[in-house]
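Welcome, and thanks for opening the viewer. Please load the model below and keep the selection panel within reach.

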Amino acid sequence: DAKYTYDNFNQWYNPFFDNFVRESKNENIVFISLNYDVLIDLALHNLVTNREIQDFTYGFDIHNLHSQNEKCRTNGILLLKPHGSINLAQCRNQKCRKIFSSISSAQGNNSIINSYKCNSCDEELDPFILPPMFNKVNEDEPFGVIHKKVSEAIASASEILIIGYSLPDYDVNILEAFLRGIVKNQNRFKLKIEIVDKNNDINAHIKSKYNNIFHRIEKENYYINGFKSYAGQLLSVIQK
């Protein structure tokens with residue numbers, strides 16, 4: 001429920017991302033979120049509000065929902081969401097296709113979106129969502145831009161932390177983006193990767209799938225008790 005999600009965010013997600021960004025000194029961080037939720041978005045938004053980082057960006061043009069002639073999220077830490085996000089909306093007009101977000105909050109705003117139209121063409125807004133599926137062909141902007149930047153992020157990575165995404169076979173576009181990126185990564189034979197996931201029957205399959213992409217990895221650490229245990233362990237070490 002909402003209280004459970006809120007409590008988990010305050011106890012685990014927000015402190016984890018806050019310390020993660022602090023420890024890395026905001027340098028060369030790229031987040032790739034394959035979910036529609038806004039947990040990372042909200043954590044980064046809080047860092048902006050607290051003036052700990054300047055801003056974060058989705059990697060493409062976004063306009064302020066409340067002041068639609070103004071662009072927002074134009075720079076800062078890169079957050080790529082190739083499946084879209086519940087806090088973003090797109091103009092329905094095929095000749096416009098502007099993307100909008102509320103700059104005052106990173107939380108999902110579908111109820112707000114339903115109350116707004118695109119000021120440029122007076123069209124209604126649609127949720128900015130593109131579910132993973134077989135044979136997904138979508139070069140519409142900005143999904144083509146996001147896809148390219150996912151590959152570029154993998155190509156330049158020296159470390160990769162994977163949290164909880166099972167990478168289903170039908171998510172062909174993400175598999176292709178990861179493979180295209182790792183082939184171009186000059187550090188791929190020494191790449192450090194950590195996988196954080198729950199201890200369940202599909203773990204071995206998940207590990208095997210990621211190993212098939214990021215092969216010949218120098219060091220692998222599996223935290224099979226899930227993100228909460230991993231975050232709690234990391235935060236306790238930092239607090240000491």
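Two strands pair if DSSP finds at least two bridges between them. With that in mind, select strand E4, where Ser67 is the bridge partner of Asn64. Before going further, please note that this is a predicted model.

**Stop 1: the hairpin**

Show E3 together with strand E4 (residues 67–72): the two pair in the antiparallel sense over 3 bridges. They form a hairpin, with 2 residues between the strands.

Now pick His63, which is placed in strand E3. Is His63 buried or exposed? Its relative accessible area is 10%, so His63 is buried. Leaving aside residues up to four places away in sequence, His63 touches Gln68, Asn69, Glu70, Lys71 and Cys72, and also Lys98, Ile99, Phe100 and Ser101.

**Stop 2: the whole chain**

Zoom out and colour by secondary structure: the chain has 7 helices and 11 strands. Switch to colouring by burial, and 43% of the 240 residues count as buried. A surface view of the chain exposes about 13400 Å², of which carbon and sulfur atoms supply 48%. If you draw the contacts between residues at least 6 apart in sequence, 71% of them join residues at least 24 apart.

**Stop 3: an open sheet**

Next, select E1, E5 and E2. They make an open sheet of 3 strands in the order E1-E5-E2, with parallel pairing. Strand E1 (30–32) and E2 stand at the edges with a single partner strand each, so one side of each has no neighbour in the sheet.

Look at the join between E2 and strand E5 (residues 77–80): these run parallel and are held by 2 bridges. Phe56 stands opposite Ile77 in E5. Add helix H4 (residues 143–155) to the view, and you will see that H4 lies across E1 and E5, running at about 125 degrees to E1.

**Stop 4: helix H2 and the core**

Which helix should come next? Select helix H2 (residues 39–49): 9 of its 11 residues are buried, so H2 is largely enclosed by the rest of the structure. The buried residues are Leu39, Ile40, Asp41, Leu42, Ala43, Leu44, His45, Leu47 and Val48. Just beyond, H2 is followed by Arg51, which has a positive phi, near 60 degrees.

In soluble globular proteins, nonpolar side chains tend to be buried together. Here the largest nonpolar core has 55 residues, and the members that touch the most others are Phe31, Leu44, Phe178, Tyr210 and Phe214. H2 supplies the largest share of this core, 7 residues. Centre the view on Leu44 and show its neighbours: beyond four places away in sequence, Leu44 touches Val21, Phe31, Ile53, Phe56, Ile77 and Leu79. Another core lies apart from the largest one; it has 7 residues, among them Ala89, Cys91, Phe100 and Cys118.

**Stop 5: the aromatic rings**

How many aromatic pairs does a search of the whole structure find? There are 13 aromatic pairs. Select Phe60 and Phe128, whose ring centres are 5.8 Å apart with the planes at 45 degrees, so this pair is tilted. Phe60 lies in the loop between strand E2 (56–57) and strand E3 (62–64), while Phe128 is in strand E8 (residues 125–129), so the pair ties together parts that are 68 residues apart in sequence. Both Phe60 and Phe128 are buried.

Now move to Phe178 and Phe214, another tilted pair, at 5.9 Å centre to centre and 40 degrees between the planes. Phe178 is in helix H5 (residues 172–183), and Phe214 is in the loop between helix H6 (203–213) and strand E11 (219–223), 36 residues apart, which links distant parts of the chain. Phe178 counts as buried at 7% relative accessibility, and Phe214 is buried with a relative accessible area of 2%.

To finish with the rings, select Tyr13, Phe16, Phe17, Phe20, Phe31, Phe227 and Tyr230, which form one aromatic cluster.

**Stop 6: a lysine in H6**

For the last selection, choose Lys209, which lies in helix H6. Is this lysine buried or exposed? At 11% relative accessibility, below the 20% cut-off, Lys209 counts as buried. Show its contacts outside the residues up to four places away in sequence, and you will find that Lys209 touches Ser166, Leu167, Pro168 and Asp169.

Terms used: Residues are numbered from 1 along each chain as its sequence is written. This is a predicted model: local features need pLDDT of at least 70, side-chain atom pairs count only at pLDDT 80 or more; totals for chains, interfaces and linings use all residues. Side-chain values use heavy atoms; hydrogens and water are left out. Rings of Phe, Tyr and Trp (its six-membered ring) pair if their centres lie within 6.5 Å; planes under 30 degrees apart count as stacked, over 60 as edge-to-face and the rest as tilted. Helices (H or I, at least four residues) and strands (E, at least two) are DSSP runs, numbered from the N terminus. Buried means under 20% relative accessible area, exposed over 50%, partly exposed in between (1.4 Å probe, protein chains only). Contact means heavy atoms within 4.5 Å. Axes are lines fitted to C-alpha atoms, for helices over the stretch in contact, and angles run from 0 to 180 degrees between N-to-C directions. Accessible areas come from the Shrake-Rupley method with a 1.4 Å probe; for residues, only the protein chains shown count as cover. A nonpolar core is a set of buried Ala, Val, Leu, Ile, Met, Phe, Trp, Tyr and Cys residues joined through side-chain atoms within 4.5 Å.
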